Amino acid sequence: MAEGLPAFRPLDGWYDRAGVRHDPHRRVTEPDPGPGQDFFPRHLMPHTTHPLVQALAPQRVRELEARHLYQYLSFTAHFETRVVNRAALHIAEDGSGVRVGTAARADALKIYTDEGYHALYSLDLVAQLEAATRIPALRHDFRPFLARLDLVGEQALPGRAVLAQLLQVVVFETLVTSILSAVPADPQVLGVVRETVADHARDEGRHHAYFSAFFRELWAGLGPAERAAAARCLPALVRRSLEPELTAHRAALLAAGLTAARVRTVLAESYPAEGTDARIAADARHTVRLFRDCGVLEQPGALDAFASAGLVGDLTDDLADDLEGVR
Ligand SMILES: [Fe+2]
Ligand SMILES: [Fe+2]
């Protein structure tokens, strides 16, 4: 195989363009962020606007909103270091199984550096907001999420942990979640939160291009059995990456003083399966197109697996026509 990736170098210019090289340290300037300012876009934390929650004391609601932002930032910090950088290191160390040139391996270390910085400023923002608001974060345990994510690969690709980890990172880094665009665009959201997410989104655009190119090389080098197994586990990886973190929401609602029964009601009504499926399909559309372009959906059982995961319902007409041909 030719040394893949150098033909398209999305990390070129990194020393001038990367956030870690030139973005300022974002600081909480308000002594106590007040009314009229949201910690996170309201439509992205629907449990906080549920009538049972709105009936709580205003301070309890405010704590819940702050903890939603904390949870997002803590999850981001863990995901960057534990999932994205685990895979980036495989590429950088030339242990991915894909022959990439030295420059592309160095690019993987640029991503590693970016993600380390994203993790740092995510946790730093939690610390700043805890101090400014005097609302402490709840402990966030990432291990159950990581165990569920890894289980998908262990079941579909036994003995191929590195391949499974590379697929995880391709999926996550090519998703275009509504969060990265919605947060900076919401004028109600605290300025420091909008700036932080906007900084992150700029770097992620380059990562998206890198991992799209990487996946094409990875896929081209897989044998028939690996392709079939990989194709069947990709939809589950997409869903695991995008499903709402109900465990964290449940803990925050209980801490706000709701009974367990009321917490169940709030979550069921705030995150109905239909709405969650639609959002996941929308956030995953670029990833699914990449897979389609590489022939993933032509693998035995793949189209059914993607359809069962609700990932072919949001596709454009031309893609739906193409998929008819695959069936
Ligand atoms: Fe990142
Ligand atoms: Fe990234």
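Buried here means under 20% relative accessible area, with exposed over 50% and partly exposed in between, using a 1.4 Å probe and protein chains only. By that yardstick Glu80 is buried, at a relative accessible area of 3%, and Glu115 is buried too, at 0%. The model is predicted, so local features need pLDDT of at least 70 and side-chain atom pairs count only at pLDDT 80 or more, while totals for chains, interfaces and linings use all residues. Residues are numbered from 1 along each chain as its sequence is written, chains are lettered from A and ligands numbered from 1 in the order in which they are written, and side-chain values use heavy atoms, with hydrogens and water left out.

On to the metals. Donors are N, O and S atoms within 2.8 Å of the metal (3.2 Å for Na, K and Ca); water is not among the atoms, so sites may look incomplete. Around the iron ion (ligand 1) sit Glu80 (OE), Glu115 (OE), His118 (ND1), His200 (NE2) and Glu204 (OE), at 2.0 to 2.3 Å. Along the chain, these donor residues follow the spacing E-x34-E-x2-H-x81-H-x3-E. Within this set, Glu80 in helix α4 and Glu115 in helix α5 link distant parts of the chain, 35 residues apart.

The iron ion (ligand 2) takes its protein donors from Glu115 (OE), Glu173 (OE, listed twice), Glu204 (OE, listed twice) and His207 (ND1), lying 2.0 to 2.8 Å from the ion. Their sequence pattern reads E-x57-E-x30-E-x2-H. The six donor atoms subtend angles of 51 to 156 degrees, so the arrangement comes out irregular. For reference, four donors count as tetrahedral if all angles lie between 85 and 135 degrees; four count as square planar and six as octahedral if opposite donors are over 155 degrees apart and all others between 65 and 115; anything else is irregular. The two iron ions, ligand 2 and ligand 1, are 3.5 Å apart, and Glu115 coordinates both. Because Glu115 lies in helix α5 (residues 102-133) and His207 in helix α9 (residues 191-220), this pair ties together parts that are 92 residues apart in sequence. Both Glu115 and His207 are buried.

Now the helices, which are DSSP runs (H or I, at least four residues) numbered from the N terminus. The expected span of a helix is 1.5 Å times one less than its number of residues. For the 35 residues of α4 (residues 58-92) that gives 51 Å, and the end C-alpha atoms are 49 Å apart, which agrees. Even so, α4 has a kink of about 40 degrees centred on Asn85, the bend being the angle between axes fitted to the seven residues ending there and the seven starting there. Since 27 of its 35 residues are buried, α4 is largely enclosed by the rest of the structure. Just after α4, Asp94 takes a positive phi of about 65 degrees.

As for packing, a nonpolar core is a set of buried Ala, Val, Leu, Ile, Met, Phe, Trp, Tyr and Cys residues joined through side-chain atoms within 4.5 Å. The largest such core has 58 residues, and Leu167, Phe215, Leu234, Phe291, Val296 and Phe306 have the most contacts inside it. Helix α10 gives the most to this core, with eight residues.

How values were computed: Helix = DSSP H or I, 4+ residues; strand = E, 2+ residues; numbered from the N terminus.
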